[in-house]
Amino acid sequence: MAVSSTPESASVSASQKFSLPSIPWLVTGGYLTLMLLVPIAALILKASTLSLSEIWRIATSPVALSAYNVTFITALFAGLINGVAGLIIAWVLVRYDFPFKQFVDSLIDLPFALPTAVAGLTLATVYSDNGWLGSLFAPFGIKIAFTRLGVFVAMLFISLPFVVRTVQPVLQEAEKDVEEAAWSLGASQWQTFWRVVLPPLMPAVLTGVALGFARAVGEYGSVVIVAANIPFKDLIAPVLIFQRLEQYDYAGATVIGTVMLLISLVMLLAINLLQAWGRRYGN
Amino acid sequence: MAIDTPRFDQTPKPPSAAQPDAKSGAQTFVKPLLIAFVLFYLGVVLVIPAVNVFVQAFSGGIGIFLNTFTERAFLNAAKLTLLMAVITVPLNTIFGLCAAWAIGRNKNFPGRALLISIIDLPFSVSPVVAGLMIVLLYGRNGWFGPWLEANDIKIIFAVPGMVLATVFVSLPFVAREVIPVLEEIGTEQEEAAKTLGASEWQTFWRVTLPSIRWGLLYGVLLTNARAMGEFGAVIVVSGNIGGKTQTLPLFVEDAYKQYHTQEAYTAAVLLACLAVVTMIAKAILESRTGAKTGVGH
């Protein structure tokens, strides 16, 4: 297919580009400009009307620094824990058979499908002091809802599917022969796992962790409900932006929003590089 | 060489006869342990919170549950939620098809990777930042603010702004799902149709669309779920005015904050049912195509 049709399809699409198909191109370009690029430009240009010292002052104010700290450190923990758990879940779903496996597999998508406000509401109830899970921790003096642990629980919930869904296809294609070869050459189960199974999965695991981390960093709906949103305690950066907007502090919202936008651009780049690495590994 | 071969032939036998005892001994211990861990982890992180939504909603009896349905603010929120989906889904579907065509049917144009990244951008931008952008653009102090005010057009704290925010966050889904399908089916059938005299439109409706329908449907499904469920981006631009600019997710939070927990859970159950329908439809689509669909965000 690749050999015979490439020159043909190239010539067809080249001739199409100048005739009718310019409509899809126009729609794509126009829609992206109107819906995405102009709003992004509005944010960056608004930030550029402020002086550099003003931007620096707002971006590094104590309350902002503490919000970045809560957001990124908590999201990192949630991403890493789901990295390990997601790898195990993917392994179990691909390699083992057990009753209701199909149901368990479908369940993984719940955080994608469930609106974040609902997730926040039910987590706030379940992890409150007299909730189903919160009451197990309350006797030890551990409060989860309305503390930083609540932020963590919400981030753990919403970032769960990413690693499972990035690792599953890679594991499905991995050849069992190599593992069996390692076994028959006398490698122990641990050695087989560390030296043979894990290395080709690493790009997929890291991509999943990065995707989950990026999602957790930007999360608003579930966290704002399950946390108390107190500055210097459990206030995350997206909630801080929202509070600044509510106080009509557009400069404050814009600067912190720009910081968050730049970080998500860096994350997007990192994810693209990880995926390219994974493709090279696959070939 | 000649000496190695028989040895190689023999070695696989003893391990598969003798060693499996030791290894399957370890295996029988590892397998149930890992399955137990997965069930426990998913049970705590996902299942208990999900079950709790339904238990709380019906804890006061079906009468109290149904009571919420007569409330004006609730009905208005339900109506607005449907409106978000009705406007957003067709817009993003048309865009997604065009973008998927442009990217999937043209393999080598400069900036192709960049274009894909731009389309993916809403997945990595925080919804609150997305809402902020729209406020900065259409708000009173925004770029178009003075012009909009002069012409008496309200976008922020009104439905149009909420639609723009919803479109922003759910923009990538259709394109994301359709691009890989378009790449996989190739161009042979389309070229055959064209050679046989079909017009562009005929080729699209009769040849391309039927072969991408499952991927397209899944993209539409995800767009719909996100459009109905979006919270962060919408609350920033809507002002969250009860009975006016409140969708169901916003109603959930507002009711909870005002200690109307029962009402919050009634709305939450409706949204949870949407999630269940989405997940079931996804499972059905996957069994039809026989392939795992990609990561939906």
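This is a short dialogue on reading a predicted two-chain model.

Trainee: What should I know before I start?

Mentor: The model is predicted, so local features need pLDDT of at least 70 and side-chain atom pairs pLDDT 80 or more, while totals for chains, interfaces and linings use all residues. Residues are numbered from 1 along each chain as its sequence is written, chains are lettered from A and ligands numbered from 1 in the order in which they are written, and side-chain values use heavy atoms, without hydrogens and water.

Trainee: How many helices and strands does chain B have?

Mentor: Helices (H or I, at least four residues) and strands (E, at least two) are DSSP runs, numbered from the N terminus. Chain B has 15 helices and zero strands.

Trainee: What share of chain B counts as buried?

Mentor: Buried means under 20% relative accessible area, exposed over 50%, and partly exposed in between (1.4 Å probe, protein chains only). Of the 297 residues of chain B, 52% are buried.

Trainee: How do I read the interface?

Mentor: The size of an interface is often given as the accessible area lost when the parts come together. Buried area is that loss (1.4 Å probe), summed over both parts. Between chain B and chain A it is about 8,300 Å². Carbon and sulfur atoms give 78% of that area.

Trainee: How many residues are in contact?

Mentor: Contact means heavy atoms within 4.5 Å. In chain B, 88 residues touch 92 residues of chain A.

Trainee: How many salt bridges are counted between the chains?

Mentor: Side chains of opposite charge can pair when their charged atoms come close. The rule asks for a side-chain nitrogen of Lys or Arg within 4 Å of a carboxyl oxygen of Asp or Glu. Between chain B and chain A the count is one. A:Asp109 and B:Lys282 form the bridge, at 2.5 Å, N to O. On the chain B side of the interface, H3(B) gives the largest share, 25 residues.

Trainee: Where do the two partners of that salt bridge lie?

Mentor: Take the pair again: B:Lys282 and A:Asp109. B:Lys282 lies in helix H15 of chain B, and A:Asp109 in the loop between helix H5 (101–107) and helix H6 (110–113) of chain A, so the pair joins two chains. B:Lys282 is buried at 6% relative accessibility. A:Asp109 is buried at 8%. Both belong to a network of salt bridges with A:Asp105, A:Arg165 and B:Glu286.

Trainee: What does a salt bridge inside one chain look like?

Mentor: Look at B:Arg176 and B:Asp120, which meet at 3.3 Å, N to O. B:Arg176 lies in helix H10 (residues 173–185) and B:Asp120 in helix H6 (residues 112–124) of chain B, so the pair ties together parts that are 56 residues apart in sequence. B:Arg176 is partly exposed at 33%. B:Asp120 is buried at 11%.

Trainee: Which residues form the nonpolar patch?

Mentor: A patch joins residues with over 30% relative accessible area and no salt bridge: like charges within 9 Å, nonpolar side chains (Val, Leu, Ile, Met, Phe, Trp, Tyr) within 5 Å. Here they are B:Phe54, B:Phe58, B:Ile62, B:Leu66, B:Val276, B:Ile280 and B:Ile284. Together they have about 610 Å² of accessible area, by the Shrake-Rupley method with a 1.4 Å probe, where only the protein chains shown count as cover for residues. Helix H3 (19–58), helix H4 (62–67) and helix H15 (261–289) of chain B each give two or more residues. H15(B) gives the most, three.

Trainee: Is B:Phe58 buried, partly exposed or exposed?

Mentor: B:Phe58 sits in helix H3 of chain B. At 36% relative accessibility, B:Phe58 is partly exposed.

Definitions and conventions: Buried area = accessible area lost by both parts, 1.4 Å probe.
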